[in-house]
Amino acid sequence: MVMVPREQAVGLNRRRIGDVIVTAVNDGYLDVNFNVLNGISPSDAEERALAAHRAPQARLSVGAYLVQDGRKTVLIDTGAGGFNGWGGRLRSALSAANVEPDDIDAVLLTHGHADHIGGLAAAGETPVFRNAELILSQHEYDFWTDEKHSSGIPDNALPRFMLVRNALAAYRARMTLVTAGEVLPGIAFVPLPGHTPGHGGYRISSGGSSLLIWGDIVHFPDIQIPCPDVAIAFDMDPVEACRTRHRTLDMVASNAELVGGLHLNFPGFIRVLKEKGQYSFREEPWCPSII
């Protein structure tokens with residue numbers, strides 16, 4: 001008896017940036033509610049989702065990016081790792097890309113939220129990527145390890161906080177903290193504050209081409225790109241997050257720069273457009289050749 005599929009196949013989409021191959025890797029999704037958005041009503045948010053031919057529920061795509069240049073294999077973020085039932089498909093996706101956890105030389109974190117760090121470590125401070133150096137913002141590390149911050153965590157958020165602490169502790173012997181600029185050859189950390197204190201993205205540059213993986217500049221691209229003043233409850237500084245979103249959208253639109261984002265809908269790459277002061281975006285389609 002042939003079983004009827006109940007979920008999508010593993011999602012992989014490769015793009016060439018000069019001499020570098022960047023693969024969008026889908027880890028799955030998590031479901032929230034449109035009432036987590038501030039600056040738009042849930043009904044208006046649902047209408048925008050439907051107009052973009054998305055499902056009416058508030059479903060966040062969760063992704064990661066694999067960067068390969070023939071010398072190093074780098075992973076940007078690690079998905080949710082199945083925490084709280086979120087995501088958890090990263091390992092099977094990496095396997096489909098012919099990459100095993102021990103092949104990863106470095107993991108670059110955009111920030112410490114559970115849906116980005118959940119796949120980084122197992123219980124007991126056990127690293128999943130045993131040969132990898134962990135690279136993240138100094139400000140982000142300071143925030144999550146500050147005892148003053150941990151003392152004010154509400155009980156319902158404590159599991160997420162402990163997940164981050166466990167993951168960071170697993171890599172304490174192989175950790176590099178950065179503030180801005182090149183972190184690996186051809187890869188630079190770009191501070192994008194607001195969502196978290198040390199939130200940032202990574203710009204990959206090679207052969208005259210570049211790609212900005214912008215972290216969580218948007219969670220719902222069909223809503224927050226045309227309406228950049230819409231914040232989300234997960235923003236630690238919503239005003240700064242909106243300001244950063246405006247600035248980042250302006251930058252990538254003016255440069256016509258290719259963009260990746262951990263909550264972009266698959267296939268995981270877009271171009272942002274700006275016309276008469278209004279932002280929109282075009283998804284870069286999957287192609288059978290690597291372009």
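These legends accompany close-up views of a predicted model.

**Figure 1. Helix α6 and its buried residues**. Helix α6 covers residues 158-170, 13 residues in total. At 1.5 Å a residue, a helix of this length should span 18 Å, and the end C-alpha atoms of α6 are indeed 18 Å apart, so expectation and model agree. The buried residues to look for here are Phe161, Leu163, Val164, Asn166, Ala167, Leu168, Ala169 and Ala170. When you follow the side chains along a helix, keep in mind that an α-helix has 3.6 residues a turn, so residues three or four places apart point the same way.

**Figure 2. A salt bridge between strands β4 and β2**. Arg59 pairs with Asp31 in a salt bridge, and their closest N and O atoms are 2.7 Å apart. Arg59 belongs to strand β4 (residues 59-68) and Asp31 to strand β2 (residues 20-31), so to speak two distant parts of the chain, 28 residues apart. Arg59 has a relative accessibility of 35% and therefore counts as partly exposed. Asp31, at 40%, is also classed as partly exposed. The structure holds 13 salt bridges, should you wish to look for others.

**Figure 3. Arg54 and Glu283, a salt bridge across the sequence**. The closest N and O atoms of Arg54 and Glu283 are 2.8 Å apart. Arg54 sits in the loop between α1 (42-51) and β4, while Glu283 sits in strand β18 (residues 278-283), so this pair ties together parts that are 229 residues apart in sequence. Arg54 is partly exposed, with a relative accessible area of 25%. Glu283 is partly exposed too, at 29% relative accessibility.

**Figure 4. Glu284, Arg271 and their salt-bridge network**. The side chains of Glu284 and Arg271 meet in a salt bridge with an N to O distance of 3.6 Å. Glu284 lies in the segment after β18 and Arg271 in strand β17 (residues 269-275), so the pair connects parts that are 13 residues apart in sequence. Is Glu284 buried or exposed? With a relative accessible area of 8%, Glu284 is buried. Arg271, at 22% relative accessibility, counts as partly exposed. Through salt bridges that share partners, Arg15, Arg271, Arg282 and Glu284 are joined into one network.

**Figure 5. The largest pocket**. This pocket holds about 660 Å³ of space. It is lined by 26 residues, of which Tyr29, Arg59, Ser61, Asn265 and Phe266 are the closest to its centre. The elements giving two or more residues to the lining are β2, β4 and α7 (221-224). By class, the lining has 11 nonpolar, 9 polar and 6 charged residues. You may recognise Arg59 from Figure 2, where it forms a salt bridge with Asp31.

**Figure 6. The second largest pocket**. About 480 Å³ of space lies in this pocket. Which residues are the closest to its centre? They are His113, Ala114, Trp144, Arg160 and Phe234, out of 24 lining residues. Two or more residues of the lining come from each of α3 (114-117) and α6. Helix α6, the subject of Figure 1, gives the most, with 3 residues. The lining divides into 14 nonpolar, 6 polar and 4 charged residues.

Terms used. Residues numbered from 1 in each chain as written. Predicted model: local features only at pLDDT ≥ 70, side-chain atom pairs only at ≥ 80, totals over all residues. Heavy atoms only, no water. Helix = DSSP H or I, 4+ residues; strand = E, 2+ residues; numbered from the N terminus. Expected span 1.5 Å × (residues − 1). Buried < 20%, exposed > 50% of the residue type's maximum accessible area, 1.4 Å probe, protein only. Salt bridge = Lys/Arg side-chain N within 4 Å of Asp/Glu carboxyl O. 1 Å grid on protein atoms, 1.4 Å probe; cavity = no way out; pocket = protein on both sides within 12 Å on 5 of 7 lines; lining within 4 Å. Points joined across faces, edges and corners; volume = space filled by probe spheres on them. Nonpolar A, V, L, I, M, F, W, Y, C, P; charged D, E, K, R; others polar.
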